[in-house]
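Here is a short report on one model. It moves from local contacts to enclosed space.

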Amino acid sequence: MNKNQSTAAQRSFICSLARGRSMADLQVILAPAFAVNGNAFNTSATLNQNVARLTKTTASKAIELLKASA
């Protein structure tokens, strides 16, 4: 088990903040968070699949980005 994996609470909060936004919008908003680990936001995957790949640090960054874009 990867101890640096994002927590369930972080993933749930990201999904709730992302509700009502298109995948294209989320790709633009969350690109900086995914780029930290050299990952790209996969538009063919679901939001949950994308969020599951985040570490605790990048999940925190994603939450900040989503809050700022509200």
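Which residues does Asn4 touch, not counting residues up to four places away in sequence? Asn4 touches Thr55 and Lys56. This is a predicted model.

**Asn4**

Asn4 sits in the segment before helix H1 (8-18). Asn4 is partly exposed, because its relative accessible area of 35% falls between the limits of 20% and 50%. Ten residues separate Asn4 from Ile14 in sequence. In space, the two are 17 Å apart, C-alpha to C-alpha.

**Thr55**

Thr55 belongs to the loop between helix H3 (47-52) and helix H4 (56-68). Its relative accessibility is 14%, under the 20% cut-off, so Thr55 counts as buried. Leaving out residues up to four places away in sequence, Thr55 touches Asn4, Gln5, Ser6 and Asn37.

The two residues can be set out together.

| Residue | Location | Relative accessible area | Class |
|---|---|---|---|
| Asn4 | segment before helix H1 (8-18) | 35% | partly exposed |
| Thr55 | loop between helix H3 (47-52) and helix H4 (56-68) | 14% | buried |

**The cavity**

Rolling a probe the size of a water molecule over the atoms shows where empty space is left. Across the whole structure, the search finds one cavity of 30 Å³ or more. The largest cavity holds about 30 Å³ of space. Thr55 is part of its lining, along with Ala33, Phe34, Asn37, Asn39, Arg53, Leu54 and Thr58. Asn37, a contact of Thr55, is thus also named in this lining. By class, the lining residues are three nonpolar, four polar and one charged.

Note on methods. Residues are numbered from 1 along each chain as its sequence is written. This is a predicted model: local features need pLDDT of at least 70, side-chain atom pairs count only at pLDDT 80 or more; totals for chains, interfaces and linings use all residues. Side-chain values use heavy atoms; hydrogens and water are left out. On a 1 Å grid over the protein atoms alone, a cavity is a set of points where a 1.4 Å probe fits but cannot get out, and a pocket is an open set with protein on both sides within 12 Å along at least five of seven lines; lining residues have an atom within 4 Å of a point. Grid points are joined across faces, edges and corners, and a volume is the space filled by probe spheres set on the points. Ala, Val, Leu, Ile, Met, Phe, Trp, Tyr, Cys and Pro count as nonpolar, Asp, Glu, Lys and Arg as charged, and the others, Gly among them, as polar. Helices (H or I, at least four residues) and strands (E, at least two) are DSSP runs, numbered from the N terminus. Buried means under 20% relative accessible area, exposed over 50%, partly exposed in between (1.4 Å probe, protein chains only). Contact means heavy atoms within 4.5 Å.
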